[in-house]
Amino acid sequence: MPTTNDKDMCCSPLHGSGGNSQSTPIVLTDALGNTWCADCQHRGELVNWGKRHGWPELEIYPYAMAEGAYYWQMTATQGDESRVWSFLGLIEMLDATTEVA
Ligand SMILES: [Zn+2]
């Protein structure tokens, strides 16, 4: 099981347990306690959005995420960049839609 609790370690698969292990300045700790460097803080913002909205199910082709904090956590800490950015684009759209409604 990957260790993602080191406080000085970015939780991104690009920087943390995914192989390219390195200590980086942490700029964001998200609602689940994951720590992120400046390059990866969008992953923490994804988690914080999920928390605010009750960890909903999301689907944006070709990606899908089931309901629940566990799946958000897995996406944030294991998902590749394309997947994470797709969900970020989707929630941005959902926010815009909600404001209009
Ligand atoms: Zn990082």
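Let me start with residues 1-6, where pLDDT, the predictor's confidence in each residue on a scale from 0 to 100, stays under 50, and for which the model has seven contacts beyond four places in sequence, a contact meaning that two C-beta atoms, placed from the backbone, lie within 7 Å. Where pLDDT is low, the predicted coordinates should not be read in detail.

This is a predicted model, so local features need pLDDT of at least 70 and side-chain atom pairs count only at pLDDT 80 or more, while totals for chains, interfaces and linings use all residues. Residues are numbered from 1 along each chain as its sequence is written. The mean pLDDT of the protein is 87, with 82% of its residues at 70 or more.

Turning to the interior, the largest nonpolar core has 10 residues, among them Leu46, Trp55, Trp72 and Phe87; such a core is a set of buried Ala, Val, Leu, Ile, Met, Phe, Trp, Tyr and Cys residues joined through C-beta atoms within 7 Å, where buried means 20 or more other C-beta atoms within 10 Å, exposed 12 or fewer, and partly exposed in between, with C-beta atoms placed from the backbone. Helices α1 (41-52), α2 and α3 (81-100) each supply at least two residues of this core, helices being DSSP runs of H or I, at least four residues long, numbered from the N terminus.

Finally, tyrosine 71 sits in helix α2, residues 69-78, and counts as partly exposed because it has 16 C-beta neighbours inside 10 Å. Leaving aside residues up to four places away in sequence, tyrosine 71 touches Met65 and Ala66.
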